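Biologist: I am new to reading protein models. Could you take me through one, feature by feature?

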Amino acid sequence: MKIYQSHAWPSTVEEAITIQETLRNLVITTDQLNTPIQHVAGVDLGFLEDGKMSRAAVAVLSFPDLQIVETSLAYRPTSFPYIPGFLSFREIPAILDALEKIKTIPDIILCDGQGIAHPRRLGIACHLGVLINIPTIGVAKSLLIGKHEELPEAKGSWQPLIHKKETVGAVLRTRTGVKPLYISSGHRISLPTAIDYVLRCTPKYRLPETTRVADKLASDR
DNA sequence: GCGACAG
DNA sequence: ATCTTGTCGC
């Protein structure tokens, strides 16, 4: 797929904050999906050479049957350190490289990390979604910001994730008796719809099939 | 000022 | 994220 213009990449946290404050105004948290949903994708990053090199992976699966349709890999030198709150600046450049190689434009992309459940409401899912104008969902394995009530052990149960009196996402049990995932709107999708698609992409394990396939591609040798 | 802190 | 074997439990 073709990636249109992306902003200049920052070299300092101050510049990164400016970009986040600008892009946050472009995020859409209501449903604006292409229906029917025919393809869902997962994106992830792996590192080589002591973290100096990034390897991005994209996995496009059919929906709702979740079969692999297309995958891609892209390598590029890692250019930004990992700083909580600034993950997207480290991961998105390589992810864009990998997405450019994909022919099947996905209807939804599930990202490893937060969406609006972020200190400045621009987690990696929002950032990527705004840059490529495709609906995205933030699917994080751990908490960045916010608080929530305890949630039942049953698969499918969830609780709102609250930050500064605002519902920024959901803590979702994707498998009975297993640690929950942190779901939030990335771009062009609402929280209820995001939860629905995450569950429909997670038939068996804790993580969505999209992320599992992308994870494997990004970290396999 | 003191903790918390996606991957 | 990554370094790493076996092991407990459904």
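Modeller: We will go through the helices, the strands, some single residues and the DNA contact.
This is a predicted model, so local features need pLDDT of at least 70 and side-chain atom pairs count only at pLDDT 80 or more, while totals for chains, interfaces and linings use all residues. Residues are numbered from 1 along each chain as its sequence is written, chains are lettered from A, and ligands are numbered from 1 in the order in which they are written.

Biologist: What should helix 2 span, at 1.5 Å a residue?

Modeller: First, the terms. Helices (H or I, at least four residues) and strands (E, at least two) are DSSP runs, numbered from the N terminus. The expected span of a helix is 1.5 Å times one less than its number of residues. Helix 2 covers residues 87-100, 14 residues, so it should span 20 Å. Its end C-alpha atoms are 20 Å apart, which agrees.

Biologist: Where is the kink in helix 2 centred?

Modeller: A bend at a residue is the angle between axes fitted to the seven residues ending there and the seven starting there. In helix 2 the kink is centred on Pro93 and is about 30°.

Biologist: How many residues of helix 2 are buried?

Modeller: Count neighbours. A residue is buried if 20 or more other C-beta atoms lie within 10 Å of its own, exposed if 12 or fewer, and partly exposed in between; C-beta atoms are placed from the backbone. In helix 2, 10 of the 14 residues are buried, so this helix is largely enclosed by the rest of the structure. Among them are Phe89, Arg90 and Glu91.

Biologist: What covers the buried residues of helix 2?

Modeller: Look for contacts, meaning C-beta atoms, placed from the backbone, within 7 Å. The cover includes helix 1 (13-23), strand 1 (39-48), strand 2 (53-62), strand 3 (68-77) and helix 3 (124-132).

Biologist: How many residues of helix 3 are buried?

Modeller: In helix 3, 9 of its 9 residues are buried. They include Cys126 and His127. Helix 2 is part of the cover, as are helix 1, strand 4, strand 5 (136-140) and strand 8 (181-187).

Biologist: How do I read paired strands?

Modeller: Two strands pair if DSSP finds at least two bridges between them. Strand 1 and strand 2 run antiparallel, joined by 10 bridges. Strand 2 and strand 3 are also antiparallel, with 9 bridges. Follow Ala57 across: it is the bridge partner of Asp44, and it stands opposite Leu73 in strand 3. Of the 10 residues of strand 2, 8 are buried, so this strand is largely enclosed by the rest of the structure.

Biologist: How many residues lie between strand 6 and strand 7 in their hairpin?

Modeller: There are 2 residues between these strands. Strand 6 (residues 158-163) and strand 7 run antiparallel, with 6 bridges. Leu161 has Gly169 as its bridge partner in strand 7.

Biologist: Which backbone angles deserve a second look?

Modeller: Most residues other than glycine have a negative phi, and most peptide bonds are trans. Lys164, in the loop between strand 6 and strand 7, has a positive phi near 55°. Lys164 is exposed, with 8 other C-beta atoms within 10 Å. Asn133 also has a positive phi, of about 55°. Asn133 counts as partly exposed, with 14 C-beta neighbours inside 10 Å. As for cis bonds, one joins Thr35 and Pro36, with omega about 0°. Another runs from Phe63 to Pro64, with omega near 10°.

Biologist: Is Ile108 buried or exposed?

Modeller: Ile108, in strand 4 (residues 108-112), is buried, with 25 other C-beta atoms within 10 Å. Leaving aside neighbours within four places in sequence, its contacts include Leu33, Val40 and Tyr197.

Biologist: How many residues surround DNA strand B?

Modeller: A residue is near a molecule or strand if its C-beta atom, placed from the backbone, lies within 6 Å of it. For DNA strand B, 18 residues qualify; the closest are Tyr82, Leu87, Gly113, Gly123 and Lys141. Now sort by class: Ala, Val, Leu, Ile, Met, Phe, Trp, Tyr, Cys and Pro count as nonpolar, Asp, Glu, Lys and Arg as charged, and the others, Gly among them, as polar. The surface near DNA strand B has 9 nonpolar, 7 polar and 2 charged residues.

Key: Contact = placed C-beta atoms within 7 Å.
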